[in-house]
Amino acid sequence: DTSLLKRAAFYGQQSVAALLHAGDKQFKEELSKVMSMEVWVAGKDIASARLRSAQKVSDQSNASAAARREYLARLQAQVAAVEQRRVEWDQAHTLRADEARKAAVAAANEAVVCGQACMDT
């Protein structure tokens, strides 16, 4: 029977376009000439189950990614805060070191003055 062959191979765009634009009833009617509707329904059910499963995995992955983005943002804020404290500590350390140097120079100068005063007497 060659009627099955013309349904299995499309020769022109008109045949393809007509099938793609066919309503559900007409599509199923043409499909039933090529394959059992039980096979079509079983395949559709399998595809639907796979789609639901994939959607569930996708939703879980998206939720996990969102949680990780939030965690990353918190870590980045902590790093920024620690970096700011480090900069402040460096500035304070530099100020304290400068003050200590000045105090040491002043004490040394005072010792020199005292030493000279002691030598003069």
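Where in the protein is confidence lowest, and where is it highest? The mean is lowest in helix H1 (residues 3-8), at 62, and highest in H4, at 95.

## What you're looking at

This is a predicted model: local features need pLDDT of at least 70, side-chain atom pairs count only at pLDDT 80 or more, and totals for chains, interfaces and linings use all residues. Residues are numbered from 1 along each chain as its sequence is written, and side-chain values use heavy atoms, with hydrogens and water left out.

As for pLDDT itself, that's the predictor's confidence in each residue, on a scale from 0 to 100. Averaged over the protein it comes to 88, with 87% of the residues at 70 or more.

## Fold and surface

There are 4 helices and 0 strands here, giving the pattern α-α-α-α along the sequence. Both element types are DSSP runs numbered from the N terminus: helices are H or I with at least four residues, strands are E with at least two.

How much of the protein counts as buried? Just 2% of the 121 residues do. The cut-offs are: buried under 20% relative accessible area, exposed over 50%, and partly exposed in between (1.4 Å probe, protein chains only). The exposed area is about 10,400 Å², and carbon and sulfur atoms supply 60% of that. These areas come from the Shrake-Rupley method with a 1.4 Å probe; for residues, only the protein chains shown count as cover.

## The aromatic pair

Search the whole structure and you get 1 aromatic pair. Phenylalanine 27 and tryptophan 40 sit edge-to-face, 5.5 Å centre to centre with 65° between the planes. The two are 13 residues apart and link distant parts of the chain: phenylalanine 27 belongs to helix H3 (residues 24-32), tryptophan 40 to helix H4 (residues 37-120). To count as a pair, rings of Phe, Tyr and Trp (its six-membered ring) need centres within 6.5 Å; planes under 30 degrees apart are stacked, over 60 edge-to-face, and the rest tilted.

Neither ring's residue is described as buried: phenylalanine 27 is partly exposed at 24% relative accessible area, and tryptophan 40 is partly exposed too, at 29%.

## Salt bridges

The structure holds 4 salt bridges, each being a side-chain nitrogen of Lys or Arg within 4 Å of a carboxyl oxygen of Asp or Glu. In general, side chains of opposite charge can pair when their charged atoms come close.

One of them is in helix H3, where lysine 28 and aspartate 24 are 4 residues apart, so about one helical turn separates them. Their closest N and O atoms are 3.2 Å apart. Lysine 28 is partly exposed, with a relative accessible area of 31%, while aspartate 24 is exposed, at 52%.

Over in helix H4, Glu83, Arg86 and Asp90 are linked in a network of salt bridges. Arginine 86 takes part in both of these contacts: with glutamate 83 the closest N and O atoms are 2.6 Å apart, and with aspartate 90 they are 2.5 Å apart. The spacing is about one helical turn each way, with glutamate 83 and arginine 86 lying 3 residues apart and arginine 86 and aspartate 90 lying 4 residues apart. Every member is partly exposed: glutamate 83 has a relative accessible area of 38%, arginine 86 has 39%, and aspartate 90 has 30%.
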